[in-house]
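Colleague: Could you walk me through this one before I set anything up?
Modeller: Gladly; here it is, and then ask away.

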Amino acid sequence: MKKIVIILSSIIVIIFIVLLVFLFNTNSNDKDIEEKKENIIEEKNTKEKANEFSKYSYYKEENLNRYESYKANNPELSIEDIITRVNLCLDKEVYTDTVPSTNLNTNYLLVNKFNYLDRNYIPNNLELLDNSYAKSGIYLVKEAKDNLERLISDAKNAGMNIRVISAYRSYSYQENLYNNYVKNDGVENADTYSARPGYSEHQTGLVVDVTRAFDDFNNFENTNEYTWMLENAHNYGFILRYPKDKENITTYSFEAWHYRYVGIELAKKIKASNLTFDEYYVRYLESDNN
Ligand SMILES: [Zn+2]
């Protein structure tokens, strides 16, 4: 009899334990399922948010959080502008998180305050400009030079007298220039009008600064030569690189005298798009080549 009681109570205890284990398991299974559901909802939310940006070909998934905060800070901007500006790093301080420029020795090489050229970068095919239309001793990449010569000669036939005062600048030339500005004016002021070495577009060999012959370049904006350049430069492959009212994108003040060679076809497209070279690069050139 005693034995039977012991066996029975043992069985009851075992059943009780099995029940407990079973209950506990279902509970934790339920928890697992709920967690999984939550994860799926979260994933769906992220994807839906991404979609607002991701339908653009130049969308970069790794920038999603930055697009969102840029949008929150600039609600008036279109989604296209938000993606473009974040891809240009305009949500960051200039000269921070900088990367070496790619597409070296091409007409669409991008150099700005976030994309720099190496100290040793010297463009191929530099040629000396003729001092009949340029200050002596300055160089430009051959293709740009050939088109510049056509431009200057056609402008002359239209009664315009255009002269080149600066073109290719080496890294060390820019280094001296910038360091002198800093010495006289401090870093903060120097940064507003001079590029740091490596960050000057002049190092590409695809840039000219022009004036009306023997006039102050600061006056170029007020000349017929400037109006002629605005209307015609793209037909020779040149674009106004730092236009008026685009300072927040180019990070440079308006420079009526600074023209960048990109090739005729591209110059026409950029002119028609009304975008700066930086914006055009992010939207149509960078993604094509990556
Ligand atoms: Zn310039």
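**Overall picture**

Modeller: To begin with burial, 41% of the 290 residues in the protein chain are buried, and please keep in mind that this is a predicted model.

Colleague: How many helices and strands are there in the protein chain?

Modeller: The protein chain has 10 helices and eight strands. Of its contacts with a separation of 6 or more, 60% are between residues 24 or more positions apart.

Colleague: And what does the accessible surface come to?

Modeller: The accessible surface of the protein chain is about 16800 Å², and carbon and sulfur atoms account for 51% of that area.

Colleague: Okay, on to the metal. Which protein donors does the zinc ion have?

Modeller: The zinc ion takes NE2 of H202, two OD contributions from D209, and ND1 of H258, with these donors lying 2.1 to 2.7 Å from the ion. Along the chain, the donors of the zinc ion follow the spacing H-x6-D-x48-H.

Colleague: Why is the arrangement of the four donor atoms called irregular?

Modeller: The angles that the four donor atoms subtend around the zinc ion run from 53 to 153°, whereas a tetrahedral label would need all angles to lie between 85 and 135 degrees. The arrangement is therefore irregular, although water is not among the atoms, so the site may look incomplete.

Colleague: Are H202 and D209 buried or exposed?

Modeller: H202 is buried, with a relative accessible area of 3%, and D209 also counts as buried, at 7% relative accessibility.

Colleague: Switching to S194, where is that residue found?

Modeller: S194 sits in the loop between α6, which covers 187-193, and β6, which covers 207-212. S194 is buried, because its relative accessible area is 3%, which falls under the 20% cut-off for that label.

Colleague: What does S194 touch?

Modeller: Leaving aside residues up to four places away in sequence, S194 touches Y95, Q174, Y178 and Y181.

Colleague: That's a lot of ring names. How many aromatic pairs does a search of the whole structure find?

Modeller: Searching the whole structure gives 14 aromatic pairs. One of them is formed by Y116 and Y199, a tilted pair with 5.6 Å centre to centre and 50° between the planes. This pair links distant parts of the chain, since Y116 belongs to strand β2 (residues 115-116) while Y199 lies in the loop between α6 and β6, 83 residues apart.

Colleague: Are Y116 and Y199 buried or partly exposed?

Modeller: Y116 is partly exposed, at 26% relative accessibility, whereas Y199 is buried, with a relative accessible area of 13%.

Colleague: Which residues form an aromatic cluster, and what lies over the face of Y252?

Modeller: F53, Y59 and Y67 form one aromatic cluster. The face of Y252 has K113 over it, at 4.2 Å from the ring centre.

Colleague: Last topic, the backbone. Which residues other than glycine have a positive phi?

Modeller: Among them are C89, with phi near 70°, and T251, with phi near 65°. These are worth pointing out because most residues other than glycine have a negative phi.

Colleague: Where do C89 and T251 lie?

Modeller: C89 lies in the loop between α3 (79-87) and β1 (99-100), and C89 counts as buried, at 15% relative accessibility. T251 lies in the loop between α8 (247-250) and β8 (258-261).

Note on methods:
Residues numbered from 1 in each chain as written. Predicted model: local features only at pLDDT ≥ 70, side-chain atom pairs only at ≥ 80, totals over all residues. Heavy atoms only, no water. Donors = N, O, S within 2.8 Å, 3.2 Å for Na, K, Ca; no water. Tetrahedral: all angles 85-135°; square planar, octahedral: opposite > 155°, others 65-115°. Buried < 20%, exposed > 50% of the residue type's maximum accessible area, 1.4 Å probe, protein only. Helix = DSSP H or I, 4+ residues; strand = E, 2+ residues; numbered from the N terminus. Contact = heavy atoms within 4.5 Å. Areas by Shrake-Rupley, 256 points an atom, 1.4 Å probe, with all protein chains shown as cover. Phe/Tyr/Trp six-rings, centres within 6.5 Å; stacked < 30°, edge-to-face > 60°. Lys NZ or Arg CZ within 6 Å of the ring centre and 35° of its normal.
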